[in-house]
Amino acid sequence: MMKDYKPLGDYIREVNVRNKDLSVTNLLGVSISKEFIPSIANIVGTDMSSYKIVEHNQFAYGPVTSRNGDKVSIALLDKYDNAIVSQAYTVFEIIDHKLLLPQYLMMWFRRPEFDRYARFHSHGSAREVFDWDEMCNVMLPVPPIEKQREIVAEYETLSNRISINQQIIQNLEATAQALYRKMFVDGIDKENLPEGWRIGRISDFGEVITGKTPSTLDNSNFGDYMPFVTIPDMHNGFYVIKTERRLSKKGVTMQSNKTVPQNSVCVSCIGTSGLVVVTPEECQTNQQINTIVPFNEYALEYIYLTCCGLEKIIAEYGIGAAVLNNLNKSEFENLRIVLPCDDEIQKFHELVSPCFSAIYLKQKENSKLTELQSLLLAKIGQ
């Protein structure tokens with residue numbers, strides 16, 4: 001198969017243009033998710049004239065791969081006309097777009113196999129580097145330009161659909177948040193609550209379960225594994241759709257780790273505090289997550305949106321031994337919240353439950369579309 005592959009160095013060249021006249025002000029970084037992102041670096045007093053300019057359809061990558069999540073930070077600048085990046089990045093471009101499309105090459109860089117290759121070929125002592133020579137030695141298939149366009153179009157169709165769904169999800173979330181504020185926040189005086197309302201605790205709405213990381217066990221005798229939720233899973237949306245499955249077969253509790261039912265509310269309470277998601281199926285969590293299992297199903301939406309509003313309180317509540325925000329089970333379940341009367345909560349449920357259902361369907365669709373993208377990335381290497 002390798003005879004059909006060609007060295008990337010035949011198609012690319014390094015670019016080293018500095019921002020000498022300070023004409024470019026858009027400072028970006030490159031994430032391990034292979035996207036250009038706004039830089040968070042403190043540039044006060046920094047000489048920006050030495051920063052490198054990246055033009056549209058050029059690439060930038062960070063050669064250092066150690067302590068980088070086993071990934072290469074590399075991205076194609078396709079959403080801006082130009083930008084500047086740190087001198088630490090290597091900038092390069094494709095020599096002839098009639099032979100190799102930038103978008104096709106970026107698809108190659110998104111393959112997990114490329115990250116593994118780059119890590120294996122990184123070298124150094126204090127830090128491991130995937131240098132320019134190693135980049136030029138990368139082998140990849142380069143089909144005719146018409147075929148490349150077909151592959152890119154198929155991938156971008158999936159990407160566009162994911163983007164549209166994400167916009168719909170954001171609009172639905174905003175709708176639910178607006179209804180919540182209208183009914184339970186705006187104009188509500190906590191010192192003079194409406195009749196039937198009171199100040200209570202999180203635990204008044206449901207049982208609080210704190211997760212536990214199970215010990216590593218031999219899983220060979222287990223078949224259908226239960227989703228295991230960790231904080232990184234909670235960054236990916238309203239519902240926890242895709243999580244690692246390990247250790248526990250459905251219906252079996254391992255290592256005294258409690259099972260969290262469907263339609264529970266998970267809240268991160270250490271490190272990255274204040275993330276809130278809903279569980280669409282039975283799962284287990286680690287010890288960094290407190291979960292509310294609602295006593296009444298109609299209270300799910302109110303609990304979720306109330307916990308979203310507690311983000312700052314949770315994040316600032318306490319400091320653990322490792323200098324991380326840490327809210328244990330007892331502290332979490334005793335957090336004070338407004339408890340409206342049941343009639344108002346049921347009315348709210350009837351209004352927003354269609355939003356929650358639609359969000360779940362769109363997230364599930366995006367999960368499937370992402371799987372299709374992964375299959376397409378794998379296919380171009382065959």
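Trainee: Where does asparagine 68 lie, in terms of the strands around it?

Mentor: This is a predicted model, and the strands to look at are E6, which covers 59-61, and E7, which covers 74-76. Asparagine 68 belongs to neither strand but lies in the loop between E6 and E7.

Trainee: Is asparagine 68 buried or exposed, and which residues beyond its sequence neighbours is it in contact with?

Mentor: Its relative accessible area is 18%, and since buried means under 20%, asparagine 68 counts as buried. In space, asparagine 68 is 9.8 Å from arginine 119, C-alpha to C-alpha, although the two are 51 residues apart in sequence. Once neighbours within four places in sequence are left aside, the residues in contact with asparagine 68 are Ile32 and Ser73.

Trainee: Which strands stand at the edges of the open sheet that contains E6 and E7?

Mentor: That sheet has 4 strands in the order E2-E9-E6-E7, with antiparallel pairing, and its neighbouring strands are turned by 30° against each other on average, direction ignored. Within the sheet, E6 and E7 are joined over 3 bridges, and phenylalanine 59 stands opposite leucine 76 of E7. The strands that pair on one side only, and so form the edges, are E2 (12-15) and E7.

Trainee: At about what angle does helix H1 run to E7, and how many of the residues of H1 are buried?

Mentor: Helix H1 lies across E2, E6, E7 and strand E9 (90-94), and the angle at which H1 runs to E7 is about 160°. Among its buried residues are Tyr104, Trp108 and Phe109. H1 spans residues 102-109 and is largely enclosed by the rest of the structure, because the number of buried residues is 7 of the 8.

Trainee: Why is one side of E12 and of E16 left without a neighbour in the sheet?

Mentor: The open sheet concerned has 4 strands in the order E12-E18-E15-E16, paired in the antiparallel sense, with neighbouring strands turned by 25° against each other on average, direction ignored. Strand E15 (residues 265-268) is joined to strand E18 (residues 289-294) by 4 bridges, and valine 265 has isoleucine 292 of E18 as its bridge partner. E12 (206-210) and E16 (276-278) stand at the edges, so each of them has a single partner strand.

Trainee: How are helices H5 and H8 oriented to each other?

Mentor: Helix H5 (residues 300-308) also lies across E15, E16 and E18, running at about 165° to E16. The axes of H5 and H8 (residues 342-379) come within 8 Å and cross at roughly 80°. Angles of 65 to 115 degrees count as roughly perpendicular, and H5 and H8 are therefore roughly perpendicular.

Trainee: How do the residues of the contact of H5 with H8 divide into nonpolar, polar and charged?

Mentor: On the H5 side the contact is made by Glu301, Tyr302, Tyr304 and Leu305, whereas H8 contributes Ile345, Phe348, His349, Val352, Ser353 and Phe356. Sorted by type, these residues of the contact divide into 7 nonpolar, 2 polar and 1 charged.

Trainee: How far away is the cysteine sulfur nearest to that of cysteine 269, and what is the count of disulfides?

Mentor: Cysteine 269 is buried, with a relative accessible area of 2%, and cysteine 136 also counts as buried, at 17%. For cysteine 269 the nearest cysteine sulfur belongs to cysteine 307 and is 8.6 Å away, whereas a disulfide needs sulfur atoms within 2.5 Å. By that rule the count of disulfides is 0.

Conventions. Residues numbered from 1 in each chain as written. Predicted model: local features only at pLDDT ≥ 70, side-chain atom pairs only at ≥ 80, totals over all residues. Heavy atoms only, no water. Axes fitted to C-alpha atoms, helices over the stretch in contact; angles between N-to-C directions. Helix = DSSP H or I, 4+ residues; strand = E, 2+ residues; numbered from the N terminus. Parallel < 35°, antiparallel > 145°, perpendicular 65-115°, else oblique. Contact = heavy atoms within 4.5 Å. Nonpolar A, V, L, I, M, F, W, Y, C, P; charged D, E, K, R; others polar. Pairing = 2+ DSSP bridges. Buried < 20%, exposed > 50% of the residue type's maximum accessible area, 1.4 Å probe, protein only.
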